[in-house]
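Please find below a short note on the charged side chains in this entry. The points are numbered for ease of reply.

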Amino acid sequence: MMVPVRCFTCGNVVGEHWEEFDERANEGDEDPEKVLDELGVDRYCCRRMLVSHKDLVDIVSPYQ
């Protein structure tokens with residue numbers, strides 16, 4: 001499945017944070033909000049993009 005490259009709303013590049021965000025959020029030990037804070041993703045639209053895309057990847061990926 002395609003990983004997000006740019007935020008749909010503002011156009012900021014978010015793809016560079018995707019792998020680390022996905023790994024750390026999948027571990028379950030860290031809150032996705034805390035991970036995004038540490039990665040420096042501070043715009044609401046970019047945070048929403050990453051979190052919502054992660055939820056979709058988890059649901060859709062078993063069917064690939």
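1. In this predicted model, a salt bridge joins the side chains of Arg24 and Glu38, with N and O 2.2 Å apart. The pair connects distant parts of the chain, given that Arg24 belongs to helix H1 and Glu38 to helix H2 (residues 32–39), 14 residues apart.

2. The two partners should be described separately as regards accessibility. Arg24 has a relative accessibility of 14% and therefore counts as buried, the limit being under 20%. Glu38, at 47%, counts as partly exposed, because its value falls between the 20% and 50% limits.

3. Arg24 also forms a salt bridge with Glu30, where the N to O distance is 2.7 Å. A further salt bridge links Arg24 to Glu20, and here the closest N and O atoms are 3.1 Å apart. Glu20 and Arg24 are both in helix H1 (residues 15–26), with a spacing of four residues, about one turn of the helix. Glu20 has a relative accessibility of 40%, so this residue is classed as partly exposed.

4. Which residues are linked in a network of salt bridges? The members are Glu20, Arg24, Glu30 and Glu38. As a general point, side chains of opposite charge can pair when their charged atoms come close. Over the whole structure, the search returns four salt bridges.

5. A separate comment concerns Lys54, a residue of helix H3 (residues 44–60). Is Lys54 buried or exposed? Its relative accessible area is 9%, which means that Lys54 is buried, since the cut-off is under 20%.

6. The surroundings of Lys54 deserve a mention in the text. Leaving aside residues up to four places away in sequence, Lys54 touches Trp18, Phe21, Asp22, Ala25 and Asn26. For one of these contacts, Asn26, the C-alpha atom is separated from that of Lys54 by 9.3 Å, although the two residues are 28 residues apart along the chain.

7. For the summary, I would suggest two statements. Arg24, a buried residue, has salt bridges to Glu20, Glu30 and Glu38. Lys54, also buried, lies in helix H3 and has contacts that include Trp18 and Phe21.

Terms used:
Residues are numbered from 1 along each chain as its sequence is written. This is a predicted model: local features need pLDDT of at least 70, side-chain atom pairs count only at pLDDT 80 or more; totals for chains, interfaces and linings use all residues. Side-chain values use heavy atoms; hydrogens and water are left out. Helices (H or I, at least four residues) and strands (E, at least two) are DSSP runs, numbered from the N terminus. Buried means under 20% relative accessible area, exposed over 50%, partly exposed in between (1.4 Å probe, protein chains only). Contact means heavy atoms within 4.5 Å.
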